[in-house]
Number of protein chains: 2
Amino acid sequence: MSSSHTRRRPTHRKGRATLTRESVGRAALDFLGRYGPAELTMRSLATELGVSPRALYNYVEDRRDLITVAAEIFESGWHSPPLDPARWREDLRAFCRELRAHYRRHPGMTTLAYSENITMARHPVMLRNVDALIGLFAQIGLPLQDAYRACMETIRLVAGFVELQDSLHDRPPAHVTPDDLDRLPPPWLRGSPEDLPYLSRTATLEPDSPDTLFDFAVDILVAGIAARLPA
Amino acid sequence: MSSSHTRRRPTHRKGRATLTRESVGRAALDFLGRYGPAELTMRSLATELGVSPRALYNYVEDRRDLITVAAEIFESGWHSPPLDPARWREDLRAFCRELRAHYRRHPGMTTLAYSENITMARHPVMLRNVDALIGLFAQIGLPLQDAYRACMETIRLVAGFVELQDSLHDRPPAHVTPDDLDRLPPPWLRGSPEDLPYLSRTATLEPDSPDTLFDFAVDILVAGIAARLPA
DNA sequence: ACCTGAACACCGTTCAAGT
DNA sequence: ACCTGAACACCGTTCAAGT
C-alpha cells in the first residue's frame, strides 16, 4: 500500500496548511464577510493565504469558480428549523427570519453570485431546506405546484429583502449618513412635496426599522398563502 | 448678449455631437441593454462614443457616477399606469407587469446599481410613481404606514423577481442549456430523489414559465394586501 | 506535485500637453 | 473649454522555470 497513487497528500507545506479546493473557498467566504465583495480579488485572497496568486489556480478554475465554491460552502452552513404544518404560520416566519440572518452573516454573497451569473442552491443541505419548505406548504393543503411556487417566492422574498434593503443599512454608501436612512421618507425618496402628497405625508410617521419592514413583508406572504388554502 | 459667459456651448465638435452628462449616461444605459454589465467599461463606452477614455471624465466623476446617471435616465423612462382604487387588484397587477417589463428592457441595471452600492429612485418621475402607488394603497383603506410598506414591498417583489428569476432566463449562464431551465425541478435544484421527496415529485408537474411564476407572486401579494384591509 | 516570478492584456484614473 | 496620449496602479490569467 505504499505505491505512489495511494500515498497521502501532505497536510502541510512550508509551515502552512496545504490548500484544498474547500479551504480556498472557505477563505474566500470568510474574506467576503470581513471586507466585502469589492475587496475579494484573486491577489488579495492569495496574500491573505500567504501564497502567490498563481497557487489558487491549482484548486479553482478561475474567479467565477472560486465564488461558486464559496457559495456552496455558504449554502451548506444553514439548516431550516423544524417546520410543523400544525403551526405553519409561526414556523414559516421562523424560517424566513433565520434564513435572513444567515444571508446577512455573509454580506455581498448573493450580490456577487448574481453579478457573476452563478446559480446557487446546488448544495445537498440547501436542497433539503427547499424540500422541507415545499413539504410544509404541501402538507397544509396547497397543491404541489403551488407549494413549489410558494417556496420559490419565500426564498426570493428573503434574498431580495437582504439584497435590496438590508445591504443599504448594513453597508451604507459613503455619502449617506446612517441615521438618516431610518427617517421617513428615506433619503432616496425625497422630492418636492407639492407633487408628492402621500410620500411627503409619511414624514409624520414613526420610522420603520428594517426588522419591522421585514415582518410586514412576511405577514403579507403568510396572509397571501393562507388565502390560497382550500376552505 | 455676446459676452463670453452667455455664449452657447457648441453643439458639435469634429463632426460628432458634443458630449453632455446626460448623453454620456444615455449611451451607458444603451450600451448596458445591448452588451450587459460586464462589457460596460469606461474604455469600451469611450470607444463606442468615438472619444478617448479621459473625455468621459469631463462629464462624470467616475464609473460609479456614470452608473448613477444611467440609473436616473432608466428611472425617468417609465410612468405608472393609472391606478384606480375601485379596481385596485387589476391595476396593481398592471403596475407590476409593466414595471417588470421596464426592468427587463435594461438587463443588469439593478444588478449593477446594487453591486456599486448606488441607491436608485431619486428621479422625479420615479418618485411620482412611488407616490401614486402609496396613494392607491391609502385610498383602498390601508393606514398610511402600511400603504408605504406595501409600496416598498411591491417594488421589491418586482425588482427581486427580475434580478433573481428573469435574469437567469434572459441571460442564461454559459454552462446551462436554455430549455433545461424550464423543466421541473430546475437544474440547480436537482439532487438525490430519496432525500428529497417533495422536490423530486415536482418532476411530474407541468413546467412553469417565468410569466406564470410572476403571476403567482403577484397573486400572493394581492391576497396578502387584501387580507390587511379593514373589513 | 505544487509552487514562484515575470509577463500579458485588460481595467479605472490621472497627468501633462495639445488645439 | 475640451480633448489626446502616455502613464500609474491595479486586476485576472498564463507561461516558464524552480524545488
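1. Let me start with residues 41-60 of chain A in this predicted model. The C-alpha atoms at the two ends of that span are 13 Å apart, and its make-up is 55% helix and 0% strand. UniProt, in an unreviewed entry, lists these residues of chain A as "DNA-binding region", so please keep in mind that such annotations may be inferred rather than shown by experiment.

2. Now to the pairing of the chains. Chain A and chain B each bring 66 residues to the contact. Together they bury about 5,900 Å², with 69% of that area on carbon and sulfur atoms. On the chain A side, A:Arg156, A:Tyr198 and A:Phe216 are worth a look: they supply 12% of the area that chain A buries against chain B, more than any other three residues.

3. For the polar side of the interface, the rule gives six salt bridges between chain A and chain B. In one salt bridge the side chain of A:Arg128 meets that of B:Asp195, at 3.4 Å from N to O. There are also 18 residue pairs in polar contact across the interface, with both residues at pLDDT 80 or more.

4. Which helices of chain A each supply at least two residues of the side that touches chain B? They are α6 (109-115), α7 (124-139), α8 (144-170), α9 (197-201) and α10 (210-226). The largest share comes from α8(A), with 17 residues.

5. Last, the residue classes. The side of chain A that touches chain B has 35 nonpolar residues, alongside 17 charged and 14 polar ones.

Key:
Residues are numbered from 1 along each chain as its sequence is written. Chains are lettered from A and ligands numbered from 1 in the order in which they are written. This is a predicted model: local features need pLDDT of at least 70, side-chain atom pairs count only at pLDDT 80 or more; totals for chains, interfaces and linings use all residues. Side-chain values use heavy atoms; hydrogens and water are left out. Contact means heavy atoms within 4.5 Å. Buried area is the accessible area (1.4 Å probe) that two parts lose on being put together, summed over both. A salt bridge is a side-chain nitrogen of Lys or Arg within 4 Å of a carboxyl oxygen of Asp or Glu. A polar contact is a pair of N or O atoms within 3.5 Å; within protein, one must be able to donate a hydrogen and the other to accept it, and residues adjacent in sequence count only if both atoms are side-chain atoms. Helices (H or I, at least four residues) and strands (E, at least two) are DSSP runs, numbered from the N terminus. Ala, Val, Leu, Ile, Met, Phe, Trp, Tyr, Cys and Pro count as nonpolar, Asp, Glu, Lys and Arg as charged, and the others, Gly among them, as polar.
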